[in-house]
Amino acid sequence: MSVTAVVGLQWGDEAKGKIVDMLSPGAEIVARFNGGDNAGHTVVNSYGTFKVRLTPNGFSSPGTLCVIGPGVVVNLATLIGEVEQIQQSGIAVRDRLWVSPRCHLVMPYHPMLESIYEQAKGLSRTGTTKRGMGPVFADKVSYNGIRLFDLADDAIFADKLRLQLSVKNPIFQAFGLPPLDFDQVYQETRKLYAQIQECVREPFGVVQETLGRDGRLLLEGAQGALLDNNWGTYPYCTASITLAGGASAGLGIAPRWITQVVGVVKAYTTRVGAGPMPTELTDSTGEAIQKAGQEYGTVTGRARRCGWFDAELVRFTAQVNGATDLALTKLDVLDSLENVKICVGYLRPDTGDRLWHYWELDAHHLEECQPVYIEIPGWQQHSHEVRNFAGLPVKAQAYVRKVEELVGVPVRYVSVGPQREATIEVR
Ligand code: IMP
């Protein structure tokens with residue numbers, strides 16, 4: 001059995017794209033199982049630099065099937081734009097892209113509804129990526145979604161769209177927004193669908209066939225465990241399941257097949273959007289990490305909040321995902337720091353010196369927690385050119401070992417730069 005899931009163990013942006021790209025040669029299938037175009041992966045390889053939101057990261061390995069499972073919501077314009085970009089760079093992907101007709105569609109009214117909610121919440125807004133995720137998943141679970149299946153039948157699509165606009169347009173009008181025009185939305189969606197229709201085909205059969213003969217599958221998680229709708233910092237989270245377990249429902253792969261779970265973590269912590277982040281640094285060290293790590297969102301361009309590595313969080317997210325290996329990314333970003341800190345638990349006001357776990361707390365409790373740190377001397381040497389573990393500065397090696405000791409999962413990969421080859425495999 002050879003199914004590897006690659007998942008984020010923090011708040012997303014852990015550089016999963018690079019790890020998936022690195023592991024993709026030899027994979028017969030690379031599949032997405034959650035999220036939508038709120039995800040943003042940067043892939044740097046010999047064909048160039050790609051910023052993709054929906055296309056699975058196997059696209060640069062010829063012969064690898066790129067599968068989008070039913071757990072993913074699809075924005076047709078985004079997907080078509082990516083496929084065009086990839087084709088233009090000389091990579092043929094259309095024949096290899098399989099998008100499940102069970103995928104729900106992000107419709108023009110979803111980002112509109114999201115912005116009504118975000119504005120109404122004011123200062124307590126989630127700070128979403130504005131891709132309509134909350135409303136599209138809400139429609140999905142409340143039986144109001146429109147799926148790619150529906151687009152294959154004009155009458156079915158027209159009926160469903162008419163019904164949705166009959167409910168949503170009065171809401172827009174109540175909030176002073178113009179209603180959406182049925183004909184316009186209908187025609188535009190039909191036009192988009194025609195451009196990608198050939199890739200809409202249920203991948204279940206080919207996935208099962210590959211599993212049955214022990215072929216290699218790589219499952220590409222989007223976002224991170226702390227944005228998971230059940231286990232993340234709700235309501236400062238995303239709408240889908242971001243955990244390895246989500247791959248079962250989101251792709252139709254029974255849990256027993258998933259034997260390796262690579263948990264991707266940055267050597268520090270980042271977060272975009274609102275919500276608690278106990279180790280956030282609002283000082284010059286935070287700024288230095290942000291600058292060295294180029295911490296700006298792929299989808300929104302927003303500056304990411306930066307802070308120390310939080311081993312309390314990652315121990316939890318490694319457990320909830322069943323991580324078998326860690327990929328520790330962007331270690332080189334810490335190269336110049338004099339000292340580095342790692343959080344090992346939280347203190348809460350009025351509860352003495354009892355250390356609290358993340359999983360005991362709600363998001364608003366986490367806001368009031370004080371992180372407890374251990375401090376480790378920085379290595380203050382460049383690690384960017386290093387290609388084997390023994391070649392890392394000794395203090396950097398000690399940092400990596402401390403991370404794996406505190407998290408309880410071995411570090412298998414250390415990444416020291418964006419290129420595929422800037423990776424150390426730890427044996
Ligand atoms: P949404 O997924 O756009 O609804 O956003 C909900 C929260 O998840 C916000 O805090 C976003 O910044 C965050 N988020 C969603 N997708 C990503 C991602 O791919 N990386 C990092 N944060 C994300």
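Modeller: Helices and strands here are DSSP runs, numbered from the N terminus. Keep in mind that this is a predicted model.

Colleague: Fine. Where is Phe175, then, and what makes Phe175 count as exposed or buried?

Modeller: Phe175 lies in the loop between helix 6 (154-174) and helix 7 (182-196). Exposed means over 50% relative accessible area, and Phe175 has 53%, so it counts as exposed. Together with Val167, Ile171 and Leu177, Phe175 forms a nonpolar surface patch of about 340 Å² accessible area.

Colleague: What makes Asp21 and Arg420 a salt bridge?

Modeller: The cut-off is a side-chain nitrogen within 4 Å of a carboxyl oxygen; this pair comes in at 3.1 Å, N to O. Asp21 sits in helix 1 (residues 16-23) and Arg420 in the loop between strand 17 and strand 18 (423-425), 399 residues apart.

Colleague: Why is Asp21 called buried, and what about Arg420?

Modeller: Buried means under 20%. Asp21 has 2%, so it is buried, while Arg420, at 29%, counts as partly exposed.

Colleague: And how do you know how Arg304 and Glu295 are classed?

Modeller: By the same cut-off of under 20%: Arg304 is at 6% and therefore buried, and Glu295 is buried at 0%. Their closest N and O atoms are 2.7 Å apart, a salt bridge, and both belong to a network with Asp13, Lys266 and Lys330.

Colleague: How do you know whether the span of helix 13 agrees with expectation?

Modeller: Helix 13 (residues 394-407) has 14 residues, so at 1.5 Å a residue it should span 20 Å; the end C-alpha atoms are 20 Å apart, which agrees. Gly408 follows, with a positive phi near 85°.

Notes: Residues numbered from 1 in each chain as written. Predicted model: local features only at pLDDT ≥ 70, side-chain atom pairs only at ≥ 80, totals over all residues. Heavy atoms only, no water. Helix = DSSP H or I, 4+ residues; strand = E, 2+ residues; numbered from the N terminus. Expected span 1.5 Å × (residues − 1). Patch = residues over 30% accessible without salt bridge, like charges linked within 9 Å, V, L, I, M, F, W, Y side chains within 5 Å. Areas by Shrake-Rupley, 256 points an atom, 1.4 Å probe, with all protein chains shown as cover. Buried < 20%, exposed > 50% of the residue type's maximum accessible area, 1.4 Å probe, protein only.
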